[in-house]
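Please walk me through this model in the viewer, one selection at a time. For each stop, say what to select and what is found there.

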Amino acid sequence: MSEIIKVGMADLKVCRAPDGLTTLGLGSCVGVAVRDAARGIGGLAHIMLPDSTAVRDNSNIPKFADTGIDELIRQMVAMGATRSRLEAKIAGGAQMFAFSQRSATVQVGARNVEAVKQKLGELRIPILAEDTGQNFGRTVIYYPANGSFLIRAVGKEEYII
């Protein structure tokens, strides 16, 4: 029987199919789902901030795009995934509040998406699909068995990328 494993905010988890992974409340945060389809190994990171070097207390590795994605991949490889087969899907990075100024602090969602894409590019992990930006939060469920990334948002039909 399969299990849906909960991933908290600034957290990450890995699993084997048929298990799945879910995270709630992706506003400006980005959910990074990665899998090795041949091995049925998947992982999901709930990334809150783009850069661990920009803050003093950066001990929570999964919190940041630059360190969290590295750790996600490390754990997947330790479970038996092959780096060259990894593929990703991403969701989140919303602009949750309307502000007249365009400061970097306000644009954290867009900065998170950019940092996630940059890191995945550096690691040569292709992004197969994304649902990012806009002005609404998302809850996601990722199924490494088939790569389905289910997106739920208040007032919208659920859909799969």
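**Starting at the pocket**

The lining of the largest pocket consists of three nonpolar, one polar and five charged residues. Keep in mind throughout that this is a predicted model. To display the lining, select Pro50, Asp51, Ala65, Asp66, Glu114, Ala115, Gln118, Lys119 and Glu122. The volume enclosed there is about 160 Å³. Two elements, α1 and α2 (108-122), each give two or more residues to this lining. Of the contributors, α2 gives the most, with five residues.

**The open sheet**

Next, show the five strands that make up an open sheet, ordered β2-β5-β4-β6-β7, with mixed pairing. Colour β2 (12-16) and β7 (127-132) separately: these stand at the edges with a single partner strand each, so one side of each has no neighbour in the sheet. On average, neighbouring strands of this sheet are turned by 15° against each other, direction ignored.

Now narrow the selection to residues 30-36 and 86-92, which are β4 and β6. These two strands run antiparallel and are joined by seven bridges. To check the register, pick Ala33, whose bridge partner in β6 is Lys89.

Add residues 65-79 to the view. This is helix α1, which lies across β2, β4, β5 (41-47) and β6. Viewed against β2, the helix runs at about 25°.

**Strands β3, β8 and β9**

Move to residues 20-26 and 138-143. These are β3 and β8, an antiparallel pair joined by four bridges. Within the pair, Leu21 stands opposite Tyr142 in β8.

Extend the selection to residues 148-152, strand β9. Here β8 and β9 run antiparallel with five bridges between them, and the bridge partner of Val140 in β9 is Ile151. The two strands form a hairpin, with four residues between them. Centre on Gly147 in that turn to see a positive phi of about 80°.

**Stops in the loops**

Begin with the loop between β2 and β3, where Pro18 is found. Label the peptide bond from Ala17 to Pro18, which is cis, with omega near 15°.

Go on to Gln95, in the loop between β6 and α2. Is this residue buried, partly exposed or exposed? Gln95 counts as partly exposed, because its relative accessibility is 23%. Draw a distance from its C-alpha to that of Ile47: the two are 15 Å apart in space and 48 residues apart in sequence.

Two further loops each hold a residue other than glycine with a positive phi. Select Arg124 in the loop between α2 and β7. Its phi is near 60°, and the residue is exposed, with a relative accessible area of 75%. Then select Gln134, in the loop between β7 and β8. Phi of Gln134 is near 65°. With a relative accessibility of 53%, Gln134 counts as exposed, the cut-off for that class being over 50%.

**Last view**

To finish, put the pocket lining back on screen together with α1 and α2, the elements that give two or more residues to it. Keep the open sheet visible as well, so that α1 can be followed across β2, β4, β5 and β6.

Terms used:
Residues numbered from 1 in each chain as written. Predicted model: local features only at pLDDT ≥ 70, side-chain atom pairs only at ≥ 80, totals over all residues. Heavy atoms only, no water. Pairing = 2+ DSSP bridges. Axes fitted to C-alpha atoms, helices over the stretch in contact; angles between N-to-C directions. Contact = heavy atoms within 4.5 Å. 1 Å grid on protein atoms, 1.4 Å probe; cavity = no way out; pocket = protein on both sides within 12 Å on 5 of 7 lines; lining within 4 Å. Points joined across faces, edges and corners; volume = space filled by probe spheres on them. Nonpolar A, V, L, I, M, F, W, Y, C, P; charged D, E, K, R; others polar. Buried < 20%, exposed > 50% of the residue type's maximum accessible area, 1.4 Å probe, protein only.
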